[in-house]
Amino acid sequence: MPSRTVVVASEVGLHARPAATFTRAAAASGIPVRLQVAGGEPVDAASMLAVMTLGVGHGQEVVLSAEGERSEEVLDSLAALLGKP
Amino acid sequence: MTSTVSPAGVLTGRGVSPGVVSAPVVRLGPPVSTSPDDPVGADPAVERERVAAALAEVADDLAGRAERAGGVAADVLFATSAMAADPALLGAAGAELDRGAPTGHAVTLAVRGFCERLRAHGGYLAERAADLRDVGERVVAVLSGQPMPGVPAPGHPVVLVATDLSPADTAGLAGGDVVGLLTEQGGPTSHTAILARALGLPAVVGCAGAGALAPGTPVRLDGTTGTVEIDPPEPGDRGHEVDDGAGQSSPSLEPGPGRTADGHPVPLLTNVGSGPDALAAAATDSEGVGLLRTELLFLDRAVRPSVDEQARIYAAVLAAFGERPVVVRTLDAGSDKPLAFLPLGPEDNPALGVRGLRTSGANPGVLDEQLAALAMAAAGTGRTPSVMAPMVSTAQEAAAFAEAAHRHGLTRVGVMVEVPSAALRAAELFEVVDFVSIGTNDLGQYVMAADRACGPLGHLLDPWQPALLDLVAMVGAAGAAAGKPVGVCGEAAADPLLATVLVGLGATSLSTAAGARAHVRAALAAVGMPVCRERAAAARSARGPDEARAAAAAVGPDAVGRREGAG
């Protein structure tokens with residue numbers, strides 16, 4: 001399955017507005033995207049509550065994965081979003 | 001567990017937004033409750049569609065409020081809207097429907113499950129549970145065709161009591177009847193706290209007994225000490241912004257500039273905490289901004305705001321006030337005002353720790369960016385803002401700050417006088433800065449060695465403490481000798497009688513919450529400068545705050561009609 005490993009650049013990780021922006025973008029992609037932290041279960045990247053409760057901090061590595069049409073393109077744009085400070 | 005409240009008791013919570021108000025309490029409209037015994041819909045698939053539509057309606061409504069709110073509230077509402085749009089929430093509610101739950105209750109159960117998970121994380125995430133619960137209550141209201149829960153507007157000043165407040169609740173508070181907030185739950189980073197500070201509304205959170213207050217009970221809420229006096233004996237008699245809240249009309253209060261009866265101008269400025277706040281103040285007869293609390297623009301921000309974004313916010317304020325002065329205070333983080341993007345670590349004694357200007361030691365970039373943004377805003381609008389640093393202890397710190405500000409091209413530079421050392425050596429400060437602004441709340445806590453958050457020490461924190469007045473007098477004298485302005489931006493300036501005393505002590509401008517200005521203006525207009533000075537001398541010769549208040553009130557031909565609150 002196509003995937004991307006990204007270091008989260010947001011200063012306090014994926015909370016509040018950065019998480020909302022990310023989950024909305026994941027939902028808007030139209031394909032199921034998963035987000036996973038090392039040693040954790042993958043969660044639905046479009047789920048604000050799931051993403052928030054992962055408690056991803058600044059500088060933490062996460063893995064994005066998706067399958068299907070346009071998955072490479074979607075993963076690239078979501079990875080870019082997470083990589084933006 | 002039921003707790004009862006004696007008719008004249010005192011409740012204690014955590015003061016998270018300073019200010020004192022007296023008004024009757026009103027409860028947040030109770031949410032529509034759901035029960036497992038409610039009627040069950042015939043087809044779970046149909047009910048799931050209804051829930052999906054209700055969630056989408058709530059998400060859209062919150063997103064729309066986010067767009068209209070701006071500032072801190074916008075971020076909060078945007079994040080809450082994303083929770084409502086979360087497919088996992090719909091999934092969980094759908095699973096409850098499949099198990100045979102009534103429609104509304106399925107939403108309640110789904111929300112409850114996620115709230116428990118958020119609470120299990122503690123801290124910031126746990127406090128988001130209130131946001132999610134609000135989403136659930138809104139969805140249930142939509143499903144049952146009832147209005148969404150909201151803030152009551154009885155037409156007179158009230159203290160709003162709630163279990164906890166959601167961003168959507170608090171976002172609707174600006175300009176309404178609510179003059180204070182009191183919640184049973186919540187901590188210093190809860191939305192109640194953040195938005196109360198942004199709106200300048202006194203607030204007490206984590207007050208266990210608040211739920212037992214009957215609607216209409218008069219209270220005197222102190223957002224500094226965290227105390228809530230029930231049925232206060234003399235409501236409206238201690239110089240706060242609100243009278244007794246019973247809805248009587250105010251005495252006729254003329255708008256216009258602040259001046260004493262003998263024509264001595266005392267600009268009456270406004271303390272503002274956010275963009276929308278500042279814009280609201282600009283539309284009034286406020287003579288400028290005496291304190292723009294920049295940290296409040298950023299309290300709920302996970303990420304440090306960019307220079308461009310800050311510049312836009314400052315430029316909007318500068319443009320709105322036009323020719324009127326605007327004093328921008330650099331980030332006053334630390335202690336009671338934690339910032340997510342400026343991690344300072346825990347401190348045993350936060351009021352005496354790394355806060356205010358002191359935070360720039362380890363994070364010089366934050367101050368530099370702020371000064372750069374303000375310089376950009378100044379250039380873009382053609383205005384000349386004043387900039388000042390909080391928590392300055394020495395003239396050397398003041399000089400370093402002035403140098404940094406000058407480096408960015410900012411020409412009017414000042415410092416806050418909140419630390420007694422700064423007041424004692426005020427003459428040295430004036431050698432390196434253009435103005436000072438006295439923060440009486442902090443100056444009071446430091447000179448009396450009484451933590452502002454310590455309820456039982458409230459009497460030591462009384463702004464009428466003669467020792468505090470002595471320090472103000474020293475700063476006033478130093479300012480007069482240097483020919484430079486001395487502002488007061490603490491709550492003391494909002495007490496009309498004390499305002500005349502401060503002017504007598506040498507204050508050249510007073511900055512208050514918007515609501516206090518009319519009463520302060522009227523008090524100044526009633527007396528000439530000699531009376532202000534005489535009152536100041538009388539207050540300083542007293543041995544305690546009650547005596548000082550009485551002594552000042554006894555001076556002047558206009559006979560300030562205040563009862564003495566001693567005894």
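This section describes the chain interface, the internal cavities and the cysteines of a predicted model.

Chain B and chain A meet across an interface that buries about 1,900 Å². Carbon and sulfur atoms give 70% of that area. On the side of chain B, 24 residues take part in the contact. They touch 20 residues of chain A. Salt bridges are absent here: the count across the interface of chain B and chain A is zero.

The search for enclosed space returned four cavities of 30 Å³ or more. The largest cavity holds about 80 Å³. Its lining residues include B:T330, B:L331 and B:L342. B:G356, B:L357, B:T359 and B:S360 also line the largest cavity. B:N363, B:V366, B:L367 and B:Q370 complete the lining. By class, five of the lining residues are nonpolar and six are polar. Charged residues are missing from the lining of the largest cavity.

Cysteines were examined next. Over all chains, the structure contains zero disulfides. Two cysteines of chain B were assessed for burial. B:C115 has a relative accessibility of 3% and therefore counts as buried, because the cut-off for burial is under 20%. B:C489 has a relative accessible area of 5%. B:C489 is therefore buried by that cut-off as well.

Technical notes: Residues numbered from 1 in each chain as written. Chains lettered and ligands numbered in written order. Predicted model: local features only at pLDDT ≥ 70, side-chain atom pairs only at ≥ 80, totals over all residues. Heavy atoms only, no water. Disulfide = S-S within 2.5 Å. Buried < 20%, exposed > 50% of the residue type's maximum accessible area, 1.4 Å probe, protein only. 1 Å grid on protein atoms, 1.4 Å probe; cavity = no way out; pocket = protein on both sides within 12 Å on 5 of 7 lines; lining within 4 Å. Points joined across faces, edges and corners; volume = space filled by probe spheres on them. Nonpolar A, V, L, I, M, F, W, Y, C, P; charged D, E, K, R; others polar. Contact = heavy atoms within 4.5 Å. Buried area = accessible area lost by both parts, 1.4 Å probe. Salt bridge = Lys/Arg side-chain N within 4 Å of Asp/Glu carboxyl O.
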